[in-house]
Amino acid sequence: MKNLFSNIRGDAFGGITAGIVALPLALAFGVSSGLGPEAGLYGAIFISFFAALFGGTSTQISGPTAPMTAVSMVIIAGIIAANDGSVEKALPAILTVFILAGIMQIGLGFLGLGKYIRYIPYPVVSGFMTAIGLIILLTQILPSIGYYPKEDIAFVETFKPQAEEVILENILKEEAGEGILVLENFKETIERAGKIKPEQILNESQTMAEKVGKSTLGALKILPRALKNINWLEFILALSTIIIVFGFKRITKKIPSTLVALVVVSGVAYGFNLGYRPISEIPSGIPMPKWEIFSSFELGSITPYIFTALTLALLGAIDSLLTSVVADNMTKTKHKPNKELIGQGIGNTIGAVFGGIPGAGATIRTVVNINAGGKTRLSGMIAGIMLLVIMLVFSTVASKIPAAVLAGILITVGIGVMDYKGLKAIPSLPKDIKLGPLKLSSEVLIMLVVLGLSTFWDLIYAVGIGLVIASLMFMKKIGDLTAKRSDVKSLNEEAWSDEGDFPKNLKEEVFIKHIKGPLFFGSTSDFQALTQQIPATAKTVVLRLGRMQYMDQSGLYAMEDMLQDLKKNGVDVLFVGLLKQPKYMMERIDIIPDFIPEKHIFKDFESCLQWIKKNVEDKF
């Protein structure tokens, strides 16, 4: 804290500039999430301030980001659908999930897991980020052309049969909760069903239609219908926004192009009274805590979302720490990863209490802050205060912003967030795996799996599956590499220097095998073939283990199987140079002394040779 005010002028300018840049994005992410523009603003205000105050990256500017909003959007849509399409009913559960994610981030920081985030494979991150871009693009096409599924009466009508089923199922669930047996009180069920109003069916149908429009597959299915009902004014507003965002960057980067697009297009639309669709009204006044979260808290309603909250927490951690690395490279400083996670968790927790959507460290806003002179955490705090001032003073004006303008801004975010570096590298990566007739790179496979599953199925499970595939492929590569070096399969091997005096008359009775390298899952198949390598004349096998530093559980059981086979065939096995870790493993399952007694374990080959000369007879 002693350096907090060491760069007041630079931090003030950096924070104000970053806050202005964050404004259009905060509004857009709030609208995209389904909770409204104020949710994006509240998230940006509180996360920016508290993540900077308690975090471990001095120049980081935090707030809602594209990845966090994409995942939040899925969570919000699912919870709203489970609450009869009512945002008001669903809000306590939604915010509780966000609070839980923030608390988990704090826990990750206290557990010291921040330093392990960097081990997430690049193909998983690449596929995920590109999927985030595609999700934003696909879900913003409909609002950018002025099509809203819940307002298309003909489309909504197609959901009425499903809506009636859902409402009836809810009635049956209510009766089950009240202890009413349906078979015995069928009259009551019919009576309740008869009281269903057309407005209820319409409301449920609209919720279903809206949910379809918020999914990537649903948006693609609806697109042909939407193009027939295009609102040309909304389309022109969105297209103008996109052109200005990309075009103004070519003129200058000193003024944020998203802010220019927001002001210019919104100003023209409002000034000429074009009859556009505005965003929902932004509340004026100081944000107030949503105390109903705690009054209506039910553990059972949150339990299904614990894994989802953890994924949100991990995603926020990755997103933030990647931005911290960028900040380090620009400022030649070193961030504190665990402290940063604690700061992000505190910011997300407080932001959720006030009704904000979750966020993370934002790369563009952080870069803007640094370039504008920000050097300490004061800049991030000022950015949050700047957004609060804008909301308090200009909330009425901001409520007039066209929805199509924010859709256009989000489309540019979707285009920008995709990992083009990873996509460009696809042709040049080595094709190291074969799937039927197809050869491709394992990194490309992981990226495409994560990309496809994230875009069209589930973001959360896609990352998990990607990590599993990446881990398996890594283990296979390391296994193959180590197996090559471990040399457990060579039969015709050179004698070691201390074996020069081995009696020639005993070479047919004694088989010497050198194990060079760890015995683990990657080399067990070759080791298991060892019994076939042993000549039929050999009744004593010497295993030289001085270079076998490590043995895992797979190697342990492979050793046990081999020794069991040799024992059945009446072959004595001698260990030479057995190291501490493999010996400990073999003692745990009684390979020593059941198969290999202590008298058959020798420190060096010389003592083993003395035993051989005394106990092995020349039979050939």
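A salt bridge (a side-chain nitrogen of Lys or Arg within 4 Å of a carboxyl oxygen of Asp or Glu) joins the side chains of Glu-151 and Arg-277, with an N to O distance of 2.6 Å. Glu-151 belongs to the loop between helix 5 and helix 6 (153-157) and Arg-277 to the loop between helix 12 (257-271) and helix 13 (292-295), so the contact ties together parts that are 126 residues apart in sequence. Helices are DSSP runs of H or I with at least four residues, numbered from the N terminus. The model is predicted; local features were required to have pLDDT of at least 70 and side-chain atom pairs pLDDT 80 or more, whereas totals for chains, interfaces and linings use all residues. Residues are numbered from 1 along each chain as its sequence is written, and side-chain values use heavy atoms, with hydrogens and water left out.

In total, the structure holds three salt bridges. In the second of these to be described, the side chains of Arg-225 and Asp-152 meet at 2.7 Å, N to O. Arg-225 is situated in helix 10 (residues 216-228) and Asp-152 in the loop between helix 5 and helix 6, so this pair links parts that are 73 residues apart in sequence. The remaining pair consists of Lys-160 and Glu-157, whose side chains meet at 3.1 Å, N to O. Side chains of opposite charge can pair when their charged atoms come close.

Solvent accessibility was assigned to the charged partners by relative accessible area (buried, under 20%; exposed, over 50%; partly exposed, in between; 1.4 Å probe, protein chains only). Asp-152 is buried, at 12%, while its partner Arg-225 is partly exposed, at 31%. Arg-277 is likewise partly exposed, with a value of 29%. In the pair formed by Lys-160 and Glu-157, Lys-160 is partly exposed at 25%, and Glu-157 is partly exposed at 38%.

Internal and open spaces were examined next. On a 1 Å grid over the protein atoms alone, a cavity is a set of points where a 1.4 Å probe fits but cannot get out, and a pocket is an open set with protein on both sides within 12 Å along at least five of seven lines; lining residues have an atom within 4 Å of a point. Grid points are joined across faces, edges and corners, and a volume is the space filled by probe spheres set on the points.

The second largest pocket has a volume of about 920 Å³. It is lined by 40 residues, of which Val-31, Gly-34, Tyr-148, Glu-210 and Lys-214 are the closest to its centre. Two or more lining residues come from each of helix 1 (8-33), helix 2 (37-54), helix 3 (66-81), helix 5 (122-144), helix 9 (198-213) and helix 19 (403-417). Helix 9 makes the greatest contribution to this pocket, with six residues. By class, the lining of the second largest pocket comprises 20 nonpolar, 12 polar and eight charged residues (Ala, Val, Leu, Ile, Met, Phe, Trp, Tyr, Cys and Pro count as nonpolar, Asp, Glu, Lys and Arg as charged, and the others, Gly among them, as polar).

Two cavities of 30 Å³ or more were counted. The largest cavity has a volume of about 60 Å³ and is lined by Phe-29, Ser-32, Thr-69, Ala-70, Met-73, Ile-136, Thr-139, Gln-140 and Leu-410. Helix 1, helix 3 and helix 5 each supply at least two of the residues lining the largest cavity. The lining of the largest cavity has five nonpolar and four polar residues and no charged residues.

At the surface, Ile-286, Met-288, Ile-385, Val-389, Leu-392, Val-393, Phe-394 and Val-397 make a nonpolar patch of about 760 Å². Patches are made of residues with over 30% relative accessible area and no salt bridge, nonpolar side chains (Val, Leu, Ile, Met, Phe, Trp, Tyr) being joined within 5 Å and like charges within 9 Å. Accessible areas come from the Shrake-Rupley method with a 1.4 Å probe, and for residues only the protein chains shown count as cover. Phe-394, one of the patch residues, lies in helix 18 (residues 378-398) and is partly exposed, at 45%.

Backbone geometry was also considered. A cis peptide bond, with omega of about 20 degrees, joins Ile-592 and Pro-593; Pro-593 lies in helix 27 (residues 591-594). Asp-590, although not a glycine, has a positive phi of about 65 degrees, and is placed in the loop between helix 26 (580-588) and helix 27. Asp-590 is partly exposed, at 38%. Asn-273, also not a glycine, has a positive phi of about 50 degrees. Asn-273 is located in the loop between helix 12 and helix 13 and is exposed, at 67%.
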